[in-house]
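User: I'd like a close look at one part of this protein, the lining of the second pocket, and then a walk outwards from there. Could you take me through it in one go?

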Amino acid sequence: MYVYLVVFVILSYLVCIRYIYLQHRRTLVKSLKYVMKISADRELNNANVTALIVTAHPDDECMFFAPTIIRLRELNVSVHLLCLSEGNYYNQGPQRHRELVSSCAVLGIPNSRITIIDDEKLPDDPKAEWSTALISSVVAKHLRAHTFNLVLTFDGSGVSGHANHVAIDKAIRHLVSTGEVPNECTFLSLVTVGLFRKYFSFLELPLSWLLPSHFCFLVGSEGYKQAKAAMLCHASQLLWFRRLYIVFSRYMFVNTFLVIPRGPKITKIY
């Protein structure tokens with residue numbers, strides 16, 4: 001009796017996941033229109049949507065944002081990447097630069113849309129305190145040089161708690177609060193989840209789908225293979241725990257985002 005019950009629960013859970021994938025395909029454009037404040041009766045011309053992913057190190061783009069990039073590219077959205085360091089913690093900056101370009105090629109981001117900042121004041125170092133003013137200035141300059149509709153980055157916990165990730169969230173929230181960003185641009189932060197959810201692979205999808213968020217990007221088996229191929233481009237970083245991450249992390253399958261609100265304007269610090 002208990003065996004049948006367990007089988008029923010497992011099958012029901014898998015059916016639920018299948019249903020979520022089917023629903024996601026129907027609601028993705030609707031969610032995009034919602035976060036970009038496009039009315040339901042207007043068409044969304046994805047070719048005119050330009051998104052910027054802001055990361056701290058080479059491999060962040062595929063390790064944490066792969067489902068987002070893959071889905072946006074499938075919608076014909078122009079995706080750009082701004083990486084704020086070369087990842088030179090072990091003096092591998094040039095190699096990691098090349099690995100980043102290869103990873104982005106797998107994800108559908110051409111070299112012309114990749115900007116990597118090599119500034120000694122923004123070192124790849126979990127103990128380094130990155131300047132909010134400097135990051136805000138770099139991002140603001142990039143926003144002025146291009147026309148972006150979406151900017152996506154880490155939240156205040158930085159997914160892994162890395163100080164460089166957290167610093168980006170702090171700087172972008174400051175930038176948004178100053179009002180010195182385009183009105184038509186929406187800023188999104190990647191939701192950090194607890195350790196159990198983080199390593200529950202695709203089985204975590206029902207929780208991501210049901211819990212409140214402003215945007216949810218999901219990929220299936222083909223998207224996962226693409227994300228995995230991008231991760232494998234970062235050969236210098238493929239230690240045993242990274243290989244386990246590829247297999248078990250929910251961030252290889254799903255990204256959920258919250259809108260960074262525009263509060264009362266404050267004085268900019270850069």
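Analyst: Let's start with the residues themselves. His-24, Thr-27, Leu-28, Ser-31, Ser-208, Trp-209, Leu-211, Ser-213, His-214, Phe-215 and Cys-216 line the second largest pocket. Keep in mind that you're looking at a predicted model.

Where do those residues come from? Three elements, α1 (2-35), α8 (205-210) and β6, each give two or more residues to this lining. Helix α1 supplies the largest share, with four residues. As for chemistry, the lining of the second largest pocket has five nonpolar and six polar residues, and no charged ones. The volume of this pocket comes to about 180 Å³.

Now follow β6, since two of the lining residues, Phe-215 and Cys-216, take us there. Phe-215 points one way from β6 together with Phe-217, while Cys-216 and Leu-218 point the other way. Buried or exposed? All four are buried. On the pairing side, β6 and β7 run antiparallel and are joined by four bridges. One residue to click on is Leu-218, whose bridge partner in β7 is Val-254.

Zooming out, β6 belongs to an open sheet of seven strands, ordered β3-β2-β1-β4-β5-β7-β6, with mixed pairing. Why does β6 (215-218) have one side without a neighbour in the sheet? It stands at an edge with a single partner strand, and β3 (114-116) does likewise, so one side of each is left without a neighbour there. On average, neighbouring strands of this sheet are turned by 25° against each other, direction ignored.

Step one strand further in and you find β7 with another partner. Strand β7 (residues 254-259) pairs with β5 (residues 186-190) in the antiparallel sense, over three bridges. Here Leu-190 stands opposite Phe-257 of β7. Strand β5 also has a helix lying across it: α6 (residues 163-178) lies across β1 (50-55), β4 (150-154) and β5, and runs at about 140° to β4.

For contrast, have a look at the largest pocket. It holds about 540 Å³ of space. Its lining has 22 residues, and the closest to the centre are Asp-59, His-162, Gln-237, Phe-241 and Arg-242. Helices α2 (60-63) and α10 (240-248) each supply at least two lining residues, and α10 gives the largest share, three residues. By class, this lining has nine nonpolar, seven polar and six charged residues, whereas the lining of the second largest pocket has no charged residues.

Back towards α8, there's a backbone detail in the loop that leads to it. Ser-201 lies in the loop between α7 (195-198) and α8. Its phi is positive, about 55°, although Ser-201 is not a glycine. At a relative accessible area of 10%, Ser-201 is buried. Asn-91 also has a positive phi, near 60°, and is a residue other than glycine. You'll find Asn-91 in the loop between β2 (78-83) and α4 (93-107). Unlike Ser-201, which is buried, Asn-91 is exposed, with a relative accessible area of 67%.

From that loop, carry on into α4, where Leu-100 sits. Leu-100 counts as buried, at 0% relative accessibility. What is Leu-100 in contact with, leaving aside its neighbours within four places in sequence? The list is Pro-58, Glu-61, Leu-81, Cys-83, Ile-114, Ile-116 and His-234. Take Pro-58 from that list: Leu-100 and Pro-58 are 42 residues apart in sequence, yet their C-alpha atoms are 5.3 Å apart in space.

One last stop is Ile-70, in helix α3 (residues 66-74). Ile-70 is buried as well, with a relative accessible area of 2%. Beyond its neighbours within four places in sequence, Ile-70 is in contact with Leu-107, Val-219, Gly-223, Gln-226 and Ala-227. Try the distance to Val-176 too: Ile-70 and Val-176 are 106 residues apart along the chain, and their C-alpha atoms are separated by 26 Å.

How values were computed: Residues numbered from 1 in each chain as written. Predicted model: local features only at pLDDT ≥ 70, side-chain atom pairs only at ≥ 80, totals over all residues. Heavy atoms only, no water. Pairing = 2+ DSSP bridges. Axes fitted to C-alpha atoms, helices over the stretch in contact; angles between N-to-C directions. Contact = heavy atoms within 4.5 Å. 1 Å grid on protein atoms, 1.4 Å probe; cavity = no way out; pocket = protein on both sides within 12 Å on 5 of 7 lines; lining within 4 Å. Points joined across faces, edges and corners; volume = space filled by probe spheres on them. Nonpolar A, V, L, I, M, F, W, Y, C, P; charged D, E, K, R; others polar. Buried < 20%, exposed > 50% of the residue type's maximum accessible area, 1.4 Å probe, protein only.
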